[in-house]
Amino acid sequence: MYTHQDLARLQAQSLKMQGFIRQQTYSPQNEKTLRRFSSWEVAELIFRVNQSTMRGRLAADPTLPQGTVEADGRQHWYSLEEINELRRRLKVNRKSLMPYRPAGKRAMRAAIANFKGGAGKSTVALHFAHAAALDGYRVLCVDFDPQATLSHSMGLSDVAEEYTVWGIMARDLAAETERMNRTAKGAESGTALPQRRLPASITDMGLADLRAADFIKPTNWPTIDIVPSCANAAFVEFASAQYRHMNPEWSFFAAVSRLLDQLPADAYDLVLFDCPPAIGYQSMNAVFAADMLYIPSGPGYWEYDSTTSFIGQLAEALEDLSRFSGLVPAGTMNLPKTFLDLHFLLTRFEPNNELHRAMQQAFIKVWGDRVAEHPIEMTRAVEQSGRFLSSIYEIDYRDMTRETWRRARASFDQAYAEFRTHLCVAWDKLEDEA
């Protein structure tokens, strides 16, 4: 027989192992640090210019960041801050190295979502965030998954639940209830409408005093921030059901969207949502706030079956939300929900696996050009990066054979480049949507 005490003991044993893994991955201060990038990586893989061209520019202008030289070699190594300064100051063939960003528009928001656990949602979110940061974008991640894989991979391991999506939703409930009560008092008919009351367990938490920025934490990447998650945030599904009972007219699914709307339009370029493997209060917040929906799936039949179920149930859930259209002030949200882009992305793909290739063709036959052209391949380097809570971009290529590292990076580079193309096309449409 096993009780809650046995479960707590098993968790304590696992926490010891987690601490050991972090000691191997993080700095001596138990903080995850970002490595430097070699001049070869900066030129060929990040800026995509000839190495000799970059060396010539650096030699001609000593005020440019020169990086550091390790004692055992001639290679120059650059921090991400130095890379971004080079990006701002250098031009190649009279072309800026700055990434595309349409003027006057807020950040694009992309949700990485599916039912299936193990479909690679957190892996895709982590790699796309890191690839975008190396591309020169400022990125905000929102971790909706109580498993908190993305948060841990970003170096956050000690997070209070009130600073997660649960805190955002509780804060939004209090703010929206107060707004509704003010509206009720000022009704045009002159009749005082019933006041909605919340218990002290919500009003006394102090969440109403928090700013939107208070939920955002820095990561080990200087241009990536995150709204983190933690295991204790798992009860958000139970809490949210209670919150809806307290105020049935509360548009619970728009809490995160309203918080993001409070940020300056130019604070970030890309907002990435890592969703839990279920349709619930958290995932509905993610998909409602998203401009783009990216759906990762493994290359097997059961993954295809689960993905089919996911989009069907998501369609039904979004249809149900349309009933809120008359309950919110005009112009504050658009119902029914629309996406500027939707794509399916195959993950853990083995190009030499006949079954995987057959399932890829099945995906394409059903969903056509909605299926991303470049799947994410399963390689030893990808497995190793997951084992050490890192992306392939964080791993030093000297820690393995360069060919193994380059193959894994090329797979994510191609997948990200395709994602960025879709993002930029959707970004141009955002003006009419915002």
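**A walk through the predicted model, from His422 to the central sheet**

His422 lies in helix α15, which covers residues 402-433; helices here are DSSP runs of H or I with at least four residues, strands are runs of E with at least two, and both are numbered from the N terminus. This is a predicted model, in which local features need pLDDT of at least 70 and side-chain atom pairs count only at pLDDT 80 or more, while totals for chains, interfaces and linings use all residues. Residues are numbered from 1 along each chain as its sequence is written, and side-chain values use heavy atoms, with hydrogens and water left out.

His422 counts as buried because its relative accessibility is 18%, and buried means under 20% relative accessible area, whereas exposed means over 50% and partly exposed lies in between (1.4 Å probe, protein chains only). If residues up to four places away in sequence are not counted, His422 touches Met292, Tyr294, Asp341 and His343, where a contact means heavy atoms within 4.5 Å.

Two of these partners, Met292 and Tyr294, fall within strand β11 (residues 292-297), and the other two, Asp341 and His343, fall within strand β12 (341-346). These strands belong to an open sheet of seven strands, arranged in the order β8-β9-β7-β10-β6-β11-β12 with mixed pairing. At its edges stand β8 (217-218) and β12, each of which pairs on one side only. Two strands are said to pair if DSSP finds at least two bridges between them. In general, strands of a sheet pair through backbone hydrogen bonds, either parallel or antiparallel.

Starting from the β12 edge, the reader can follow the sheet inward. Strands β11 and β12 run parallel and are joined by six bridges, and Pro296 has Leu345 in β12 as its bridge partner. Although β12 is an edge strand, five of its six residues are buried, so β12 is largely enclosed by the rest of the structure. On the other side of β11 comes β6 (residues 108-112), which pairs with β11 in the parallel sense over three bridges; here Ile112 stands opposite Tyr294, a residue already met as a contact of His422.

Next in the order is β10, which pairs with β6 in the parallel sense over five bridges, with Leu272 in β10 as the bridge partner of Ala110. Strand β7 (residues 139-143) also pairs with β10 in the parallel sense over five bridges, and in that pairing Leu140 stands opposite Val271. Strand β10 itself (residues 270-274) is mostly covered, since five of its five residues are buried. In a regular strand the side chains alternate between the two faces of the sheet. In β10 both faces are covered, with Leu270, Leu272 and Asp274 buried on one side and Val271 and Phe273 buried on the other.

Some helices are covered as well. Helix α11 (residues 281-289) has nine of its nine residues buried, among them Tyr281, Asn285 and Phe288. Helix α2 (residues 39-47) has eight of its nine residues buried, including Trp40, Glu41 and Phe47, and α2 is followed by Arg48, whose phi is positive, near 55°.

Phe47 also leads to the question of empty space inside the model: how many cavities of 30 Å³ or more does a search of the whole structure find? The search finds one, with a volume of about 40 Å³. A cavity is a set of points, on a 1 Å grid over the protein atoms alone, where a 1.4 Å probe fits but cannot get out, and its lining residues have an atom within 4 Å of a point; grid points are joined across faces, edges and corners, and the volume is the space filled by probe spheres set on the points. The lining consists of Phe47, Val49, Thr53, Met54, Arg57, Leu90, Val92 and Leu97, and helix α3 (residues 51-60) gives the largest share of it, three residues. By class, six lining residues are nonpolar, one is polar and one is charged, where Ala, Val, Leu, Ile, Met, Phe, Trp, Tyr, Cys and Pro count as nonpolar, Asp, Glu, Lys and Arg as charged, and the others, Gly among them, as polar.

Finally, the structure holds zero disulfides, a disulfide being a pair of cysteine sulfur atoms within 2.5 Å. Cys230 is buried at a relative accessible area of 9%, and Cys424 is buried at 16%.

Conventions
1 Å grid on protein atoms, 1.4 Å probe; cavity = no way out; pocket = protein on both sides within 12 Å on 5 of 7 lines; lining within 4 Å.
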